[in-house]
Amino acid sequence: MTTILSGIQPSGTLHLGNYFGAIQQHIAMQERDADLFYFIADYHALTTLRDAAALRDNVFDVAVSYLALGLDPEKVALFRQSDVPEVTEIAWLLATVTGMGLLERAHSYKDKVAQGIKPSIGLFTYPILMAADILAYDSDIVPVGKDQVQHVEMTQDMATHFNTAFKSEVFRRPEWEMAATTSAQKVPGLDGQKMSKSYGNTIPIFLEGKPLKKLVNRIVTDSRPPEEAKNPDELFLFDLLALFLDASELADWKSQVAAGGEGAPGYGHLKARVREGVEEHFAAARLRRTELIANPDYVESVLAAGAEKARLRARLVRDRALKACGLR
Ligand code: ADP
Ligand code: TRP
């Protein structure tokens, strides 16, 4: 049976970019005939977050959000990365066969340093831990966003290096898979750049009411009046609307904006529709989330069961790896 694995960093409040770029695809995949493993990458989060209470809250929030958004724990093993210590053992073995040059080429490392994150050895070796995550479960398919493709390719290299060095077939070669929809490529944030917690331009998935309204009103527009005809394809507000509206409603708004004139919708109207879109789209999930937050023992039991299943796999792979290099 095919094994699908992915990891989610618990490094902040989940936003629309995370949902349309990753979470939606993760949840859809649970319908495939495959063994599914999704974990919350808490060890990875430590490369940028040093606040125990915030990390604990974020891990809980990711688990609750996935469950609320439709993850079925009968179909997917959902667990914490740090509950599977075999992964860090495998990471060490991979580190011994990984060249500095490979890690130095990582875009995500270079981007993070450019953003001002102080580079620790942990940040530098982040791709090794990620490779261990992937290889520990004999993963075949790794659904990821565009920014993570290189990390999966580095994983392929590490698996090959190890297998070649120890003349064995210890690690299975994984393939990445990107969501097919274009919205998955890049959801714009309030300022029109890629929505990202590092740019402070996010719309959290579960925000509602007044705080949501306030935030949506901050979406950057210009001072052209509603009557002025505009090219809708140049307005990133429409990229946000496209996430929520069906094709005919979207086309209707676009043609009104393109025509302009008396009664044409202004930016305020479009923003109000974005706000409604967010509230409607996540209404059922929001209710489930409230229930889950009131039931932390249930959430914990899901994570514990997931970890147990994951460890069974990871132990086999770890043992295979130790044996191949002479440690057993
Ligand atoms: P952030 O950029 O806020 O730090 P992460 O890097 O933690 O988000 O991203 C987690 C997942 O969400 C990744 O798979 C990433 O590709 C996806 N993702 C994040 N932001 C966006 C976005 N604006 N558009 C599409 N996908 C996104
Ligand atoms: N680096 C990924 C991200 O930032 C999270 C992650 C960690 C991951 N380990 C993984 C994703 C293994 C896929 C497979 O989004």
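Visitor: By class, how many nonpolar, polar and charged residues does the shell around ligand 2 have?

Guide: Seven nonpolar, five polar and one charged. Here Ala, Val, Leu, Ile, Met, Phe, Trp, Tyr, Cys and Pro count as nonpolar, Asp, Glu, Lys and Arg as charged, and the others, Gly among them, as polar. A word on the source: this is a predicted model, where local features need pLDDT of at least 70, side-chain atom pairs count only at pLDDT 80 or more, and totals for chains, interfaces and linings use all residues. Residues are numbered from 1 along each chain as its sequence is written, chains are lettered from A and ligands numbered from 1 in the order in which they are written, and side-chain values use heavy atoms, leaving out hydrogens and water.

Visitor: What makes the contact between aspartate 133 and ligand 2 a polar contact?

Guide: A polar contact is a pair of N or O atoms within 3.5 Å. A polar side-chain atom of aspartate 133 sits 2.8 Å from a nitrogen atom of ligand 2, so that pair fits the definition. For glutamine 148, a side-chain N or O atom is 2.9 Å from a nitrogen atom of ligand 2.

Visitor: Why is helix 11 called roughly antiparallel to helix 12?

Guide: Helix 11 (residues 237-244) and helix 12 (residues 247-259) pack at about 155 degrees, with their axes 10 Å apart. Angles over 145 degrees count as roughly antiparallel, so helix 11 earns that name relative to helix 12. Those angles run from 0 to 180 degrees between N-to-C directions, and axes are lines fitted to C-alpha atoms, for helices over the stretch in contact. Helices are DSSP runs (H or I, at least four residues), numbered from the N terminus.

Terms used:
A polar contact is a pair of N or O atoms within 3.5 Å; within protein, one must be able to donate a hydrogen and the other to accept it, and residues adjacent in sequence count only if both atoms are side-chain atoms. Helices (H or I, at least four residues) and strands (E, at least two) are DSSP runs, numbered from the N terminus. Angles under 35 degrees count as roughly parallel, over 145 as roughly antiparallel, 65 to 115 as roughly perpendicular and the rest as oblique.
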